[in-house]
Amino acid sequence: MRNWKFNHIDFSTYPDYKPNDLGVFWAPEKTTVKVWAPTAQVVELRLYKDGNKSEAFHKTNLQKVGDGVWSTVLNGDYEGKYYTFRVNDGEWLDEVPGIYARCVGVNGLRGQIYNPNTTNPDGWVEDNGPRLKSFTDAIIYETHVRDFSIDPNSGITNKGKYLGFTEEGTTAPTGVKTGIDHLVELGITHVHLLPVNDFVTIDEEKPLDKYNWGYDPQHYCALEGSYSSDPYDGTKRIFEFKSLVKALHDKGIGVILDVVFNHTFYAKESVFNQMVPGYFYRQKPDGTFSNASGCGNELASERSMVRRYIINSLKYWVEEFHIDGFRFDLMGVLDVNTMKKIRKEMDKIDPGLILYGEGWAADQSPMPEDLRAVKQNTPQLKGIASFNDDFRDALKGNHGDKKSKGFVSGLVLREEAIKFGITAAVQHPQVNYGYIETVHSPWAAEPDQCINYVSCHDNYTLWDKLNQSLPKAPTAELIKRVKLAGALVLTSQGVPFLHAGVDFCRSKNGNGNSYKSPDSVNQIDWNRKNEFIDVFHYFQKLIQLRKSHPAFRITTSEGIRQHLNFCAKYQIGLVSYCIDTEGLEDDWKRIFLIFNGTNEDVAFPLPEGEFRVIATSDFIDEQGIGDTISNELLIDPISMTILVQ
């Protein structure tokens, strides 16, 4: 019986292999095979005619070539054949496709030898995503491939599939736009996709029998097959995903991938441990797997070949699939130096790639927190953003407590935490950090390091959270609170992030952890867009407002301190501030924003001068609403008011 404890091993002695040529690469005349397995005594390659059933028609042993690498060459054309490896390091490990598989058969059981040139849709060579002057120009919309189109009322033919994103002209029965046309109509700049790399818990032969978000990775460089029209042929999923990317790029929308480099679904049985036991994972002092991910293991990102693997995987997604950015799940598990190296290597390819992640872990790690990419270390991570969970909880209440409240649900004395989000978590002399419950100092050096949000795939949707914390509130009041939350996220400095469907009050029927709940819970109900069309239009106008006015997306922390001033006397339950736009290239000279989280009308004294009302609780009109005003304004309950000079 194998002992899966590794406290007797010094992994730093393992050889480091620098070339980026590991894997299985097809050419018409030969297929080259190269893997890193430094502890192996034998590495066997097996070839198959299909991805899951037939017996191997050929077996051969790889040759050791140095630096822990084993290699062989298959002469002839092996396109369309499948393969696995089996390592013997004193005893035989399990048969796996290896860690470098880029194309796999059904359920990722076997790698597939393929010609990448056959996977490109028409026009792929010319395909490019949008590039922004600053990351603060981005407006990110998070969704899940299956959720996006699986609703029977989506009007989309390829329901739950990559190709669902390529269909134009789709509508719900009520006539509202769905799918990609909805994204264009809303005006977002980037779609953030929950994991699309091959994950374990969905049987690709029966893709609708179960549901999962996909945070259970199996192969990091191969695509998930349950979203493909044909899970048996790995080239189909590559072609169809590239078609998704190109369809969004053709509409001027970037594609950001959610990547899960903090853990794997399997520990002992993972492709990593079946090729190089122990090396890719951190261990506790007793040699067992540590668990900062909360999922049974954590990757040892600080080890040279793990870091190299992560970076080369990201390069592959950018170069082969034209990906525009990455969101790192539990980024706080990864070490700071790896994240810095990722930014440096991505910049060599394209400095316009957006990088952000969760600046926390789910459990304790043997690596000290000051060495990991947690939120407090964000200033060290130039060009990498962290989620502003402080702002999220200040807006709607603690994410895990369905009854807790925040500013948009009427809880007062959260004003300083709201100011913290408005200023993108950077240092601002008018924010009193001692009055913020979740954090006591700024943690972003620049505004492009702060992702502002009120909801995401995790925890309750905004609508469900408000429903549960305000059970007696009428629907009309809850709508106002959703609008107020959207207004705060989309007018604040930093990078705004929207959970798909928040723009029409998405509900998961009160489910706060829907990672494996059925489609009836997770699907985007497109009929709600018509039901809450005024909310959609409000979000649409907020996005247009943000795009039109650089004052809402100041690019530097010094610029925020210079131009953004909390210029009015404090009133409990209200947050107000001015933006003086000189030097920001904005059409408006001065912008005055007032957010009222209370249920009361508030008489509010205005700064000196005459103002035009641009936004109220229900309307946004950049040309102005009504006559100019001065001296004092009655602020509606549960509202954003914008005035400009």
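**A walk around the five-stranded sheet**

Start by selecting residues 574-580 and 590-596 in this predicted model. These are strand 20 and strand 21, an antiparallel pair joined by 7 bridges. For a single rung of that ladder, pick serine 576 and look across to strand 21, where isoleucine 594 is its bridge partner.

Now widen the selection to the whole sheet. It is open, has 5 strands in the order 19-20-21-25-23, and pairs antiparallel. Go to the edges next: strand 19 (564-565) and strand 23 (612-615) each have a single partner strand, so one side of each is left without a neighbour in the sheet.

Time for the helices. Select 415-422 to bring up helix 8, which packs on the sheet and touches strand 19 and strand 20. Its direction makes about 30° with that of strand 20. Then add helix 10, residues 475-491. Helix 10 lies across strand 20, strand 21 and strand 25 (639-644), and runs at about 145° to strand 21.

Stay with helix 8 for a moment. How many of its residues are buried? The count is 8 of 8, so mostly covered is a fair label, given that buried means under 20% relative accessible area. Among them are Glu415, Glu416 and Lys419, alongside Ile418, Phe420 and Ile422. To see what these residues pack against, show helix 7 (389-396), strand 17 (450-452), helix 10, strand 19 and strand 20. Just after the helix comes alanine 424, with a positive phi near 60°.

Next, turn on the surface and colour Val412, Leu413, Tyr570 and Ile572. Together they make a nonpolar patch of about 380 Å². Zoom in on isoleucine 572, which lies in the loop between strand 19 and strand 20. Its relative accessibility is 49%, so isoleucine 572 counts as partly exposed.

For the last stop, follow the chain to proline 607, in the loop between strand 22 (602-605) and strand 23. Is this proline buried or exposed? At 16% relative accessibility, proline 607 counts as buried. Show its contacts and you'll find Cys578, Arg590 and Phe592, leaving aside residues up to four places away in sequence. Cys578 falls within the strand 20 range, and Arg590 and Phe592 within that of strand 21, so you are back at the pair where the tour began.

Before closing the viewer, draw a distance from proline 607 to asparagine 262: the C-alpha atoms are 50 Å apart, with the two positions 345 residues apart in sequence numbering.

Notes. Residues numbered from 1 in each chain as written. Predicted model: local features only at pLDDT ≥ 70, side-chain atom pairs only at ≥ 80, totals over all residues. Heavy atoms only, no water. Pairing = 2+ DSSP bridges. Helix = DSSP H or I, 4+ residues; strand = E, 2+ residues; numbered from the N terminus. Contact = heavy atoms within 4.5 Å. Axes fitted to C-alpha atoms, helices over the stretch in contact; angles between N-to-C directions. Patch = residues over 30% accessible without salt bridge, like charges linked within 9 Å, V, L, I, M, F, W, Y side chains within 5 Å. Areas by Shrake-Rupley, 256 points an atom, 1.4 Å probe, with all protein chains shown as cover. Salt bridge = Lys/Arg side-chain N within 4 Å of Asp/Glu carboxyl O. Buried < 20%, exposed > 50% of the residue type's maximum accessible area, 1.4 Å probe, protein only.
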